[in-house]
Amino acid sequence: MKKQRQHFHYDHEVDLHGLHSDEAWNRLEHLIYSYPGSSILVVHGRGDGVLRSRIRMLAAENSGVSEMVFGENNNIPGGDGVTVIYTS
């Protein structure tokens with residue numbers, strides 16, 4: 001039997017690779033408030049985790065974010081290099 005591959009769909013995707021955390025957050029925050037009721041795949045990369053940690057911390061404190069899903073905890077392609085944010 002052929003193994004079924006999971007498919008994921010997100011309303012928006014933002015790639016923050018190579019950006020400083022302030023610039024990355026500004027881009028993401030703009031998306032959060034521009035698209036309420038949406039899902040956003042945030043590609044922050046793996047690296048040493050500085051950008052990932054900062055993005056997740058700021059998103060957790062943001063009133064426009066209703067939920068966050070960490071790639072590494074949910075078998076999302078990209079693993080710990082991605083976070084899915086659901087906007088309120």
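Two residues are in contact when their heavy atoms lie within 4.5 Å, and the exercises below apply this to a predicted model.

**Exercise 1. Determine where N62 sits, whether it is buried or exposed, and which residues it touches beyond its sequence neighbours.**

Step 1: N62 is placed in the loop between α2 (50-60) and β3 (65-70).
Step 2: The relative accessible area of N62 is 9%, and since buried means under 20%, N62 is buried although its place is in a loop.
Step 3: When residues up to four places away in sequence are not counted, N62 touches W25, E29, I32 and Y33.

**Exercise 2. Establish the order of the secondary structure elements and find which strands pair with β4.**

Step 1: The protein has two helices and four strands, and from the N terminus on these run β-α-β-α-β-β.
Step 2: Strand β2 (residues 39-43) pairs with β4 in the antiparallel sense over five bridges, and β3 likewise pairs with β4 in the antiparallel sense over five bridges.
Step 3: Y86 in β4 can serve to fix the register, as S39 stands opposite Y86 and E67 also stands opposite Y86.
Step 4: In strand β4 (residues 82-87), five of the six residues are buried, so this strand is largely enclosed by the rest of the structure.

**Exercise 3. Describe the surroundings of I40, starting from its element and its accessibility.**

Step 1: I40 belongs to strand β2, and at 0% relative accessibility I40 counts as buried.
Step 2: With neighbours within four places in sequence left aside, I40 is in contact with H12, V14, L28, L31, I32, T83, V84, I85 and T87.
Step 3: I32, which appears in this list, is also one of the residues that N62 touches.
Step 4: As a check on distance along the chain, I40 and H9 are 31 residues apart, and their C-alpha atoms are separated by 9.5 Å.

**Exercise 4. Classify M57 and N75 by accessibility, and say what is notable about the backbone of N75.**

Step 1: M57 lies in helix α2 and has 40% relative accessibility, so M57 counts as partly exposed.
Step 2: M57 and V69 are 12 residues apart along the chain, with 13 Å between their C-alpha atoms.
Step 3: N75 has its place in the loop between β3 and β4, and at 65% relative accessibility N75 counts as exposed.
Step 4: The phi of N75 is positive, about 55°, although N75 is not a glycine. Most residues other than glycine have a negative phi.

**Exercise 5. Decide whether the radius of gyration agrees or disagrees with that of a compact globule, and describe the protein as a whole.**

Step 1: For 88 residues a compact globule would have a radius of gyration near 12 Å, and the protein has 13 Å, which agrees.
Step 2: Along its principal axes, the C-alpha trace spans about 45 × 30 × 15 Å.
Step 3: Buried residues make up 42% of the 88 residues, while the protein exposes about 5700 Å², of which carbon and sulfur atoms supply 47%.
Step 4: Among contacts between residues at least 6 apart in sequence, 64% join residues at least 24 apart.
Step 5: There are 8 positive and 11 negative side chains, and the centres of these two sets lie 11 Å apart.

Terms used: Residues numbered from 1 in each chain as written. Predicted model: local features only at pLDDT ≥ 70, side-chain atom pairs only at ≥ 80, totals over all residues. Heavy atoms only, no water. Buried < 20%, exposed > 50% of the residue type's maximum accessible area, 1.4 Å probe, protein only. Pairing = 2+ DSSP bridges. Rg over C-alpha atoms; globule rule 2.2 N^0.38 Å. Areas by Shrake-Rupley, 256 points an atom, 1.4 Å probe, with all protein chains shown as cover. Lys, Arg positive; Asp, Glu negative; His and termini not counted. Charge placed at Lys NZ, Arg CZ, Asp CG, Glu CD.
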